[in-house]
Amino acid sequence: MIKNKKVNYRQTVLGLGLMSMMWMAHADVLVILPETGPLARASSSIKLGISTAYQAMGAKTVLKFVNSDQKSMSAVLKQQVDQHTQMIIGPLARHDVEEIVKLAPKVPVLALNEVTIKHPNVMQFSLSKKEDAAALMRTMQADQINKLYILQQPETIEENKAFLNAVSQQFQGQIEILNNIPTKMVKSEGLLLLGNYAWIRQLKKLPVRNLYMQALAVEDSQPLPKGIKFCDVPSLYLPDWKDVLTAYQQNPTPMPYQRLYAFGGDAWQIAQIYLAQSKQSTIDFHGRTGEIHVEHQQIKRRPMCFISTGTSLAVA
C-alpha cells in the first residue's frame, strides 16, 4: 500500500467461525473462482477481497466458494445451484463468462469480467482499461488539452496496447506518437507516458504540468515526477476502506493484486446491495475501485484521479 496513506487500523483476521460459515453446504451466494491454473493468483486476491469486505460489512448472507478451473459452467451450476442460492459472483475467465451468459441463468449473476454478449440476468464487472482511460480523458478535458503527445517505453508497448487503444478512441483532439520528450509544449498540449516506473523515473526534463501516465506505472511508496497525473482505484491511496487494508495486512502483495482486493470488495458490496434492494433499478456508492453506478443491470465504474506533488499524492 502507498506509505503516505494516513491510517492507523488494527489488523483483523478472519476467524474460524466466519470461515466455517462461508463453507456451509447450502449457500445463499455462490462464488465461482479458479483455485488452480493461470488465474489462480488473481482469483486468490479477489477471494480475499470478498472475504474481508464480507466481514467488515457484517454480512449475514452465507458464501460458498467453488473452484471453477477446468470445469464447465453448466456442470458447476448443475452441481452447486440449489433452492438456497440467491446470487452468483463470478466466474472470472472470459470464456467462462461467455458460457454462463449463453446458459441464460435464472439466478442473478455478477460476472467478474466483461464480454461482448449480454444477458439481462448477468451483470458484468471488471477493472476495464476503457474506464481507466475515460477517467484520464475527463482530467485532460478539465485541463483543456486538445493535442496529446504519447511517449512509449518500447518494452511495454504490447502490455499498454489496450490502454492506448482506449485513449485513441476516446480522446477528442489530435494525438501524436513521439520517440522523445517534446522540447516545448503550449498550454493546450499534454504528454502521456506509457511505460513502467523505472522507465518513467529515468526520463529527464519532463514538463511539470499537463503530464499524465497509466496507473500501472505506480509502485508502492515510490515518488513520482512532480505534476504527473493518473487515475486508479482510490482504496490504494485513501484510508476509507478498512477491509482493503485488512486484506493487505493478511497478505502483502504488489499493487496489481492490491487492486484485486478492492475489486473483490466492490463485487461483494454490489451483490449485497442488489440482494437487499432488488426492487430498486439503480445502485450508487463510493467504491474501493471508484464511483460505482449500476442501472438496468449495467455497471459503470469511475476511477479517482491523483496528482503527484513530488513527495506525496493529492486528489486531482
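A disulfide joins C231 to C305, with an S to S distance of 1.9 Å. The model is a predicted one, and the structure holds one disulfide. A disulfide is a covalent bond between the sulfur atoms of two cysteines. The torsion about the S-S bond of C231 and C305 is about 90 degrees, so the disulfide is right-handed. The pair links distant parts of the chain: C231 belongs to strand β10 (residues 228-232) and C305 to strand β14 (residues 304-308), 74 residues apart. Are the two cysteines buried or exposed? Both C231 and C305 are buried.

**Strands around the disulfide**

The two strands that carry the cysteines also pair with each other: β10 and β14 run antiparallel and are joined by four bridges. C231 has C305 in β14 as its bridge partner, and C231 and C305 are also joined by the disulfide. β14 is mostly covered, with four of its five residues buried.

β14 has a further pairing, with strand β15 (residues 313-315), in the antiparallel sense over three bridges. Here F306 has V315 in β15 as its bridge partner. The hairpin of β14 and β15 has four residues between the strands, and G310 in this hairpin takes a positive phi near 105 degrees.

**The parallel sheet**

Five strands form an open sheet with parallel pairing, in the order β2-β1-β3-β4-β5. Its edge strands are β2 (63-67) and β5 (122-124), each of which pairs on one side only. On average, neighbouring strands of this sheet are turned by 20 degrees against each other, direction ignored. Strands of a sheet pair through backbone hydrogen bonds, either parallel or antiparallel.

Within this sheet, strand β1 (residues 29-33) pairs with β2 in the parallel sense over five bridges. I32 stands opposite V66 in β2. Helix α3 (residues 73-80) packs on the sheet and touches β1, β2 and β3; the direction of α3 makes about 150 degrees with that of β1. Helix α2 lies across β1, β2 and β3 (87-89) and runs at about 175 degrees to β2.

The strand pairs described so far are set out below.

| Strand pair | Sense | Bridges |
|---|---|---|
| β1 and β2 | parallel | five |
| β10 and β14 | antiparallel | four |
| β14 and β15 | antiparallel | three |

**Helix α8 and its neighbours**

Which residues of helix α8 (residues 242-250) are buried? They are D243, V244, L245, T246, A247 and Y248. The buried residues of α8 pack against two helices, α2 (40-56) and α9 (255-276). One of these, α2, is also the helix that lies across β1, β2 and β3.

Two packed helices are described by the angle between their axes and the distance between the axes. For α8 and α9, the axes come within 9 Å and cross at roughly 135 degrees. An angle from 115 to 145 degrees counts as oblique, and α8 and α9 are therefore oblique to each other. The crossing of α8 and α9 is right-handed.

At the contact between these helices, D243, V244, A247 and Y248 in α8 meet Q258, Y261, A262 and G265 in α9. An α-helix has 3.6 residues a turn, so residues three or four places apart point the same way. The four α8 residues in this contact, D243, V244, A247 and Y248, are among the buried residues of α8.

Technical notes
Residues numbered from 1 in each chain as written. Predicted model: local features only at pLDDT ≥ 70, side-chain atom pairs only at ≥ 80, totals over all residues. Heavy atoms only, no water. Disulfide = S-S within 2.5 Å. Buried < 20%, exposed > 50% of the residue type's maximum accessible area, 1.4 Å probe, protein only. Contact = heavy atoms within 4.5 Å. Pairing = 2+ DSSP bridges. Axes fitted to C-alpha atoms, helices over the stretch in contact; angles between N-to-C directions. Parallel < 35°, antiparallel > 145°, perpendicular 65-115°, else oblique. Left-handed = near helix turned anticlockwise from the far one by under 90°.
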